[in-house]
Amino acid sequence: MAASLVPVPFLLLVLAGSRAALAASETVEQICAEATSGGAHSDLAAFCVASLQAASGSDGADARGLAAIATNLTLANYTAAVATIKALERRGGWSAAQRGALATCRARYIEALNVVHSAVHALATGRPQDYAADMAVVGKAATDCEDAFGAANAGGGPSPLRKVDEDAVNLTTMAALIVRSLKK
């Protein structure tokens, strides 16, 4: 049985592609490390890397491109959160206080979606202060949602949106930190 040989040009192309992918990964890792360093958010570095590497277009993106991707991930996350909340409302079986909490969550996430669009525009037009102010409002939606369930579940029951809210806060914070790192 004869061994098959891989053509050298093909092997070089594969190696070059692997090296480019590695360089892009290092860029994502470097940008996430820089954005999350020196503060209370260093625990978000791994979340930042995993989120951005999973996103389309992050390969080879510079810091500004990754900031846009992170903001778009926030937009997608908040859109999905609204759908999740609506599904929970349709499912039913909630106490009056929990229905009120779900309504609060839905309203806050919908308001935040409008503000995310404003943040996207601020980022695209080079207004980082407006972006930061918008993203602070956006992040508050998730914490307001958790607070609403904390009050509704005074008996100690967990929020059905805990993971959704946690991801929303993390994505919003990550995006804002990347944009803040652009000014350095």
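This passage describes the helices, the core and one helix pair of a predicted model.

A good place to begin is the overall fold. The chain contains six helices and zero strands, and reading from the N terminus gives the order α-α-α-α-α-α. The chain has 184 residues, and 38% of them count as buried. Contacts between distant parts of the sequence are well represented: among contacts with a separation of 6 or more, 70% join residues 24 or more positions apart. On the outside, the accessible surface of the chain comes to about 10000 Å², and carbon and sulfur atoms account for 60% of that surface.

Next comes the interior. The largest nonpolar core is made up of 49 residues, and Leu 52, Tyr 78, Tyr 109, Tyr 131, Leu 161 and Ile 178 have the most contacts inside this core. At least two core residues come from each of helix 1 (8–36), helix 2 (45–54), helix 3 (63–91), helix 4 (96–124), helix 5 (128–152) and helix 6 (162–182). The most is given by helix 4, with eleven residues. Ile 178 offers a closer view of the core. Leaving aside residues up to four places away in sequence, Ile 178 touches Ile 31, Ala 35, Cys 48, Leu 52, Ala 63, Leu 66, Ala 67 and Ala 70. One of these partners, Leu 52, is itself among the core residues with the most contacts.

How two helices lie against each other can also be described. Two packed helices are characterised by the distance between their axes and the angle between those axes. For helix 5 and helix 6, the axes come within 9 Å and cross at roughly 165 degrees. Angles over 145 degrees count as roughly antiparallel, and helix 5 and helix 6 are therefore roughly antiparallel to each other. Their crossing is left-handed. On the helix 5 side, the residues that meet helix 6 are Pro 128, Tyr 131, Met 135, Val 138, Gly 139, Ala 142, Thr 143, Cys 145 and Glu 146. Their counterparts in helix 6 are Arg 162, Asp 165, Ala 168, Val 169, Thr 172, Ala 175, Ala 176 and Val 179.

Finally, one residue of helix 3 deserves a look, namely Asn 77. Is Asn 77 buried or exposed? The relative accessible area of Asn 77 is 15%; buried means under 20%, so Asn 77 is buried. Not counting residues up to four places away in sequence, Asn 77 touches Val 164, Asp 167, Ala 168 and Leu 171. Ala 168 also appears among the helix 6 residues that meet helix 5.

Conventions. Residues numbered from 1 in each chain as written. Predicted model: local features only at pLDDT ≥ 70, side-chain atom pairs only at ≥ 80, totals over all residues. Heavy atoms only, no water. Helix = DSSP H or I, 4+ residues; strand = E, 2+ residues; numbered from the N terminus. Buried < 20%, exposed > 50% of the residue type's maximum accessible area, 1.4 Å probe, protein only. Contact = heavy atoms within 4.5 Å. Areas by Shrake-Rupley, 256 points an atom, 1.4 Å probe, with all protein chains shown as cover. Core = buried A, V, L, I, M, F, W, Y, C linked by side-chain atoms within 4.5 Å. Axes fitted to C-alpha atoms, helices over the stretch in contact; angles between N-to-C directions. Parallel < 35°, antiparallel > 145°, perpendicular 65-115°, else oblique. Left-handed = near helix turned anticlockwise from the far one by under 90°.
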